[in-house]
Amino acid sequence: MIRRCLALLLTAGLGLAAAPRPAAAVEVTISCGALGQELELCRDGAQAWARESGHRVKIVSVPNSASERLALYQMMLAGAAPQIDIYQIDVVWPGILGHHFIDLRPYSHGAEARHFPAIIANNTVDGRLIAMPLYTDAGVLFYRRDLLEKHGRAVPATWEAMTETAAFIQQAERAAAAPGAQPLWGYVFQGRAYEGLTVNALEWVASSGGGTILDRDARITIDNPAARAALARAGGWIGGIAPEGVLTYTEEEARGLFQSGNAVFMRNWPYAWALAEGADSPVRGKVGIAPLPRESGDAPTGVLGGWNLGVSRYSRHPAEAAALVMYLTDAAEQKRRAVVAAYNPTLPALYQDPEVLAANPFFRTLLPTFSGAVARPSLAAGGRYNRVSNAFWTRVHDVLAGRQAADPALDGLAQDLRRIGRRGW
Ligand code: GLC
């Protein structure tokens, strides 16, 4: 089984150069994400550490879908597989996977004090620091500034305004398009049945005052009128302002369509900024970033995301692996990742850094979006978070695909959640 898992993990780079060799050079294997420019950044950072330390690094990449990645990690870790030393884990996984990772404090020399305290608290399980923060994330709205200007429209502040503006521009542009041109769509997002849909749907719900599925005390709150209305509205987008294909989209499919110039609005994470602004991007210079819309006054907008590096308890080289984790999560690497590829640092000091801000002006303007981002209910659900999320995204996907109306879907979800939590959380 573990052999099969490993075969599924794409081996992205083997035995990166190392010199000078320490007395006992070892090979450390790190599993990095591959969304956008992640893999390249990981390889460059790991290579720099290998050069400095004299150890060797092997990099394995994993599927882009966070849910597929979790399933692979769970198989590897349940089998106590020693093949991977460092795992890149999602901000919502410490409660699910934390017991498989070593406490990093003996290796951190207090570096955790320089990161956002909330992320360190999130990564501390039973008093053990099981992962160091690599980057943080919050959902944002990307828009085509040129198209809004051309049609005299403002950046939408509410979901209703977004829906209306998207439909208006989509229709006007299509009516004027050359025959055979790719159709322009109003809105693209992550609609596949996976963790990304949980994030999107929680954004629709929380920004409408409908809560966060479970509250902090794990009481089930999702079955409420604001949540029902938010889901019903999203169901109306499919085949209208959003292509039917959005039901299979993760982050990269949405970015592909937006970046090729075929969408007015996109919900995505900040990494899409550096690529939209890239030298070969058809939308370079035409894109703006704003907070996601909200329906009710001061409701929060984006959901909190982000990734962390943990060292497996089954690693044969925990000290060297921890050293690489500390290197990759330290200020120099976080700055490089922010400047080159718009990954949000987890070190508050870097939000004052002129080079970081020059590359990502929205780090300054969207600070409240980042600091006020909505947390998924992973702390309340603990080890059962993925079951909660899976129940949520399945019901939401049914609504988007027209298999179920929002009301019965949320009634059913509340029942699913009662079953998942019946022995307490
Ligand atoms: C991003 C976020 C992560 C989230 C995932 C969902 O990678 O950083 O927290 O779970 O998207 O697709």
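Two domains share the job of surrounding the ligand in this predicted model: domain 1 (2-137 + 305-370) and domain 2 (140-302 + 377-420) each put at least three residues into the shell. In terms of secondary structure, the elements that supply two or more shell residues are α9 (195-206) and β12 (304-311). Of these, β12 gives the largest share, 3 residues.

As for who is actually there, the residues around the ligand are Asp 90, Val 91, Asp 137, Tyr 194, Glu 195, Gly 196, Glu 251, Trp 269, Gly 305, Gly 306, Trp 307 and Arg 376. Sorted by character, the shell comes out as 5 charged, 4 nonpolar and 3 polar residues.

Some of these side chains pair up with oxygen atoms of the ligand. For Asp 90, a side-chain N or O atom sits 2.4 Å from a ligand oxygen. Arg 376 brings a polar side-chain atom to 2.8 Å from an oxygen atom of the ligand, while for Trp 269 the corresponding separation, again from a polar side-chain atom to a ligand oxygen, is 3.1 Å. On its own the ligand would expose 310 Å², and the protein buries 98% of that.

The cavity picture fits in here too: the space the ligand takes up is the largest cavity. Back in the residue list, Gly 305, Gly 306 and Trp 307 are all part of the shell, and so are Asp 137, Tyr 194, Glu 195 and Gly 196.

Methods: Residues are numbered from 1 along each chain as its sequence is written. This is a predicted model: local features need pLDDT of at least 70, side-chain atom pairs count only at pLDDT 80 or more; totals for chains, interfaces and linings use all residues. Side-chain values use heavy atoms; hydrogens and water are left out. A residue is near a molecule or strand if one of its heavy atoms lies within 4 Å of it. A polar contact is a pair of N or O atoms within 3.5 Å; within protein, one must be able to donate a hydrogen and the other to accept it, and residues adjacent in sequence count only if both atoms are side-chain atoms. Accessible areas come from the Shrake-Rupley method with a 1.4 Å probe; for residues, only the protein chains shown count as cover. On a 1 Å grid over the protein atoms alone, a cavity is a set of points where a 1.4 Å probe fits but cannot get out, and a pocket is an open set with protein on both sides within 12 Å along at least five of seven lines; lining residues have an atom within 4 Å of a point. A molecule sits in a cavity or pocket if more than half of its atoms lie within 2 Å of its grid points. Helices (H or I, at least four residues) and strands (E, at least two) are DSSP runs, numbered from the N terminus. Ala, Val, Leu, Ile, Met, Phe, Trp, Tyr, Cys and Pro count as nonpolar, Asp, Glu, Lys and Arg as charged, and the others, Gly among them, as polar. Domain bounds come from an automatic or database domain assignment.
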